[in-house]
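The following account leads the reader through a protein model with its ligands, moving from a detail of the backbone to the pockets and their occupants. Please keep the sequence and the structure in view while reading.

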Amino acid sequence: MTDKLKDAKIVFVVGGPGSGKGTQCEKIVAKYGYTHLSSGDLLRAEVASGSERGKQLQAIMQKGELVPLDTVLDMIKEAMIAKADVSKGYLIDGYPREVKQGEEFEKKIGAPALLLYVDAKAETMVKRLMKRGETSGRADDNEETIKKRLDLYYKATEPVIAYYEKCSIVRKINSELPVDEVFAIVEKAIDELK
Ligand SMILES: Nc1nc2c(ncn2[C@@H]2O[C@H](COP(=O)(O)OP(=O)(O)OP(=O)(O)O)[C@@H](O)[C@H]2O)c(=O)[nH]1
Ligand SMILES: Nc1ccn([C@@H]2O[C@H](COP(=O)(O)OP(=O)(O)O)[C@@H](O)[C@H]2O)c(=O)n1
Ligand SMILES: [Mg+2]
């Protein structure tokens, strides 16, 4: 099964909640035709399906906690395999959330060629999420859950960046800038991959 993904080009997109991962991924898809897999979106789709598993996921996500590793990884892998014949590369958005998730991904799927570290200040992220919350309908775009997501990001996810710095695949992207300027930096990083 995993053979299908043997030569896949994999890009991890890591950054705090509301840092702009989804926004940049959309632009990468438009220009490069990569397959965008947002782990959060995959989980929300499962919740929307109304399945028993979805109900359990919803409770975890509403609290801003992390869904068990195997659940997310299986979903990502399934989605990757479904696109294996047509995909030019994969954007894995919002995963890994902790070092252990990165290690498991490499064991079960493969190694990333690049990690885009989408970086914004905590204050900026909170502001963006509160604004997004006015229209997103996301159960976790509220002040209390945002605070928990941020805490967890600094505690569990930032170490992921240090972990991948060892193999020199991290590119830090300043996402305080306007979207198009951020994308100009992202483009350079992706172009270097080819
Ligand atoms: N000014 C500015 N705003 C941005 C930028 N990127 C995203 N935003 C805004 O910030 C909000 C959050 O962006 P998303 O792309 O949804 O963020 P995300 O990192 O995917 O967030 P999660 O889904 O919560 O992980 C959106 O409402 C965007 O309009 C940027 O580069 N500059
Ligand atoms: N790899 C992942 C991705 C999302 N999630 C859950 O899904 C929620 C939303 O994820 P997301 O990536 O869309 O958003 P942010 O938390 O980055 O803002 C998280 O707060 C977690 O509860 C997870 O547990 N593991
Ligand atoms: Mg997102």
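In which loop is Ser168 found? The model is a predicted one, and in it Ser168 belongs to the loop that runs between H7 and strand S5 (170–174). The backbone of Ser168 merits attention, for this residue has a positive phi of about 55 degrees although it is not a glycine. A further backbone feature is the cis peptide bond that joins Tyr95 and Pro96, with omega at about 0 degrees. Pro96 is likewise placed in a loop, here the one between strand S3 (90–93) and helix H5 (99–108).

From the backbone the account turns to the open spaces of the protein. The largest pocket holds about 990 Å³ of space. Its lining consists of 46 residues, of which Pro17, Gly18, Lys21, Arg132 and Arg138 are the closest to the pocket centre. Several elements contribute to this lining with at least two residues each: the strands are S1 (10–15) and S2 (35–38), and the helices are H1 (21–32), H2 (39–48), H6 (122–136), H7 (143–165) and H8 (179–191). Divided by class, the lining of the largest pocket comprises 17 nonpolar, 17 polar and 12 charged residues.

Which ligands take up this space? The space taken by ligand 1 is the largest pocket, and the space taken by ligand 2 is the largest pocket as well. Each ligand may be examined in turn.

Around ligand 1 there are 16 residues, and those that come nearest are Lys21, Gly22, Thr23, Arg132 and Arg138. Lys21, Arg132 and Arg138 also appear among the residues closest to the centre of the largest pocket. H1, H6 and H8 each provide at least two residues of the shell around ligand 1. By class, this shell divides into four nonpolar, seven polar and five charged residues. Several polar atom pairs can be traced between ligand 1 and the protein. An oxygen atom of the ligand is 2.7 Å from an N or O atom in the side chain of Arg132, while a nitrogen atom of ligand 1 lies 3.2 Å from an N or O atom in the side chain of Arg128. The backbone takes part too: a polar backbone atom of Gly18 is 3.0 Å from an oxygen atom of ligand 1. On its own, ligand 1 has 640 Å² of accessible area, and the protein covers 74% of it.

Ligand 2 has 18 residues around it, with Arg44, Glu65, Val67, Arg97 and Arg149 coming nearest. H2 supplies four residues of the shell around ligand 2, the largest share. The class division of this shell is seven nonpolar, four polar and seven charged residues. Which side chains place an N or O atom 2.4 Å or 3.1 Å from an oxygen atom of ligand 2? The distance of 2.4 Å belongs to the side chain of Arg149, and that of 3.1 Å to the side chain of Arg138. In addition, a backbone N or O atom of Glu65 lies 2.4 Å from an oxygen atom of ligand 2. Taken alone, ligand 2 exposes 510 Å², of which the protein buries 96%.

There remains the second largest pocket, with a volume of about 170 Å³. Its lining is made up of Arg44, Val47, Gln58, Met61, Gln62, Ser136, Gly137, Arg138, Ala139 and Asp140. H2 and helix H3 (52–62) each give at least two residues to this lining, and the largest share, three residues, comes from H3. By class, the lining of the second largest pocket contains three nonpolar, four polar and three charged residues.

Arg138 links several parts of this description. Arg138 is among the residues closest to the centre of the largest pocket, and it is also part of the lining of the second largest pocket. Arg138 is one of the residues that come nearest to ligand 1, and its side chain has an N or O atom 3.1 Å from an oxygen atom of ligand 2. Arg44, too, lines the second largest pocket and is one of the residues nearest to ligand 2.

How values were computed
Residues are numbered from 1 along each chain as its sequence is written. Chains are lettered from A and ligands numbered from 1 in the order in which they are written. This is a predicted model: local features need pLDDT of at least 70, side-chain atom pairs count only at pLDDT 80 or more; totals for chains, interfaces and linings use all residues. Side-chain values use heavy atoms; hydrogens and water are left out. On a 1 Å grid over the protein atoms alone, a cavity is a set of points where a 1.4 Å probe fits but cannot get out, and a pocket is an open set with protein on both sides within 12 Å along at least five of seven lines; lining residues have an atom within 4 Å of a point. Grid points are joined across faces, edges and corners, and a volume is the space filled by probe spheres set on the points. Ala, Val, Leu, Ile, Met, Phe, Trp, Tyr, Cys and Pro count as nonpolar, Asp, Glu, Lys and Arg as charged, and the others, Gly among them, as polar. A residue is near a molecule or strand if one of its heavy atoms lies within 4 Å of it. A polar contact is a pair of N or O atoms within 3.5 Å; within protein, one must be able to donate a hydrogen and the other to accept it, and residues adjacent in sequence count only if both atoms are side-chain atoms. Accessible areas come from the Shrake-Rupley method with a 1.4 Å probe; for residues, only the protein chains shown count as cover. A molecule sits in a cavity or pocket if more than half of its atoms lie within 2 Å of its grid points.
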